[in-house]
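User: I have a model open and I'd like to learn how to read it feature by feature. Can you walk me through it?

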Amino acid sequence: MSTRPQLDITGTSLAITAAVVQALGAFKGDAPDEVGSINRHKGRFATPDAVKHEVTHYGAIRVAALNVSQVRREAGSLVGMVSLVAFVMTTDHYGHHRDERAEVISSKLAVFIAGQDWSQALGRTAYKQPERVSAQNLCTEALDNIGVAIWSVSWQQECRLNVPVDLSTLDDFLTMQLDTPTQDNPSLSATFAMRQDTTPSPEDTQ
């Protein structure tokens, strides 16, 4: 009986996407901004049916790596620019229209991504902080006809491609710091507490 060989994802965008999904796990939010699940997706959505298949009752976020460019050796590491996108898909829920929920959630997600300390989220894999964080409205009449709204939040990040990502060793996201200094206006500084998993470990229940 043959066994399936293990797929080694070390140094790939797949490993980086998995780590990003875990880091975004703190962003499920509360009603009415809640989404049901945050998972990896293989790429862009080609048809409305593909979107409808993924969206949950509350909404969903699907994260995909689109490409890796500018691969080079730098400071003893193999570094590349990873382009990522998070698709925010919503339905009518909590008494709010789907397009409003998608727009609000994607705006908050963009702030969340830009404000994270990714050196903590990805460990040594993160070479630099995210760049070119942007949100885009992808709603169409075809999607509206099936009761779904979708926005995308995209960004680029330079990552070390020869450093393994060990998801079990990453620190928990407990807080997020937001600082927005503006010229001639009061600055905003706030610390947000992330939702934590309070499920007791097997050791705690013994």
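User: Let's start with accessibility. Is Asp92 buried, partly exposed or exposed?

Analyst: Keep in mind that this is a predicted model. Under 20% relative accessible area is called buried and over 50% exposed, with partly exposed in between. Asp92 has a relative accessible area of 40%, so Asp92 is partly exposed.

User: Which side chain does Asp92 meet in a salt bridge?

Analyst: Asp92 pairs with Arg98, at 2.7 Å from N to O. With a relative accessible area of 10%, Arg98 is buried, while Asp92 is partly exposed at 40%.

User: How many salt bridges does the structure hold?

Analyst: Five. Another one brings together the side chains of Arg72 and Glu74, again with 2.7 Å from N to O. Arg72 has 24% relative accessible area and is partly exposed. Glu74 is partly exposed too, at 29%.

User: And what about Lys128, which side chain does Lys128 meet in a salt bridge?

Analyst: That's Glu158, at 3.5 Å from N to O. Here the sequence positions are worth a look: Lys128 sits in the loop between helix H4 (118-121) and strand S4 (131-137), and Glu158 belongs to strand S5 (residues 149-160), so this pair ties together parts 30 residues apart in sequence. Lys128 is partly exposed at 40% relative accessibility, but Glu158 is buried at 5%. Through shared partners, salt bridges join Arg72, Glu74, Lys128 and Glu158 into one network.

User: On to helices. Where are the buried residues of H3 around its axis?

Analyst: General idea: an α-helix has 3.6 residues a turn, so residues three or four places apart point the same way. In H3 the buried residues are Arg98, Arg101, Ala102, Ile105, Ser106, Leu109, Ala110, Phe112 and Ile113. They cover an arc of only 160° around the axis, which puts them on the same side of H3.

User: What span should H3 have, and how far apart are its end C-alpha atoms?

Analyst: At 1.5 Å a residue, the 18 residues of H3 (residues 98-115) should span 26 Å. The end C-alpha atoms are 26 Å apart, which agrees.

User: Now the strands. Do S1 and S2 run parallel or antiparallel?

Analyst: Parallel: four bridges join S1 (residues 37-40) to S2 (residues 60-74). To find the register, look at Arg40, whose bridge partner in S2 is Val63.

User: How many bridges are there between S2 and S3, and in which sense do they pair?

Analyst: There are 12 bridges, and S2 pairs with S3 (residues 77-90) in the antiparallel sense. For orientation, Arg73 stands opposite Leu78 in S3. The hairpin of S2 and S3 has two residues between the strands, and Ala75 there takes a positive phi near 55°.

User: Which residue in S2 has a positive phi?

Analyst: As a background rule, most residues other than glycine have a negative phi. Gln70 lies in strand S2, and its phi is positive, near 55°. At 53% relative accessibility, Gln70 is exposed.

User: What is the phi of Arg132, and is Arg132 buried or exposed?

Analyst: Arg132 has a positive phi of about 55° although it is not a glycine. Arg132 lies in strand S4 and, with 68% relative accessibility, counts as exposed.

Conventions. Residues are numbered from 1 along each chain as its sequence is written. This is a predicted model: local features need pLDDT of at least 70, side-chain atom pairs count only at pLDDT 80 or more; totals for chains, interfaces and linings use all residues. Side-chain values use heavy atoms; hydrogens and water are left out. Two strands pair if DSSP finds at least two bridges between them. A salt bridge is a side-chain nitrogen of Lys or Arg within 4 Å of a carboxyl oxygen of Asp or Glu. Buried means under 20% relative accessible area, exposed over 50%, partly exposed in between (1.4 Å probe, protein chains only). The expected span of a helix is 1.5 Å times one less than its number of residues. The arc is that of the directions from the helix axis to the C-beta atoms.
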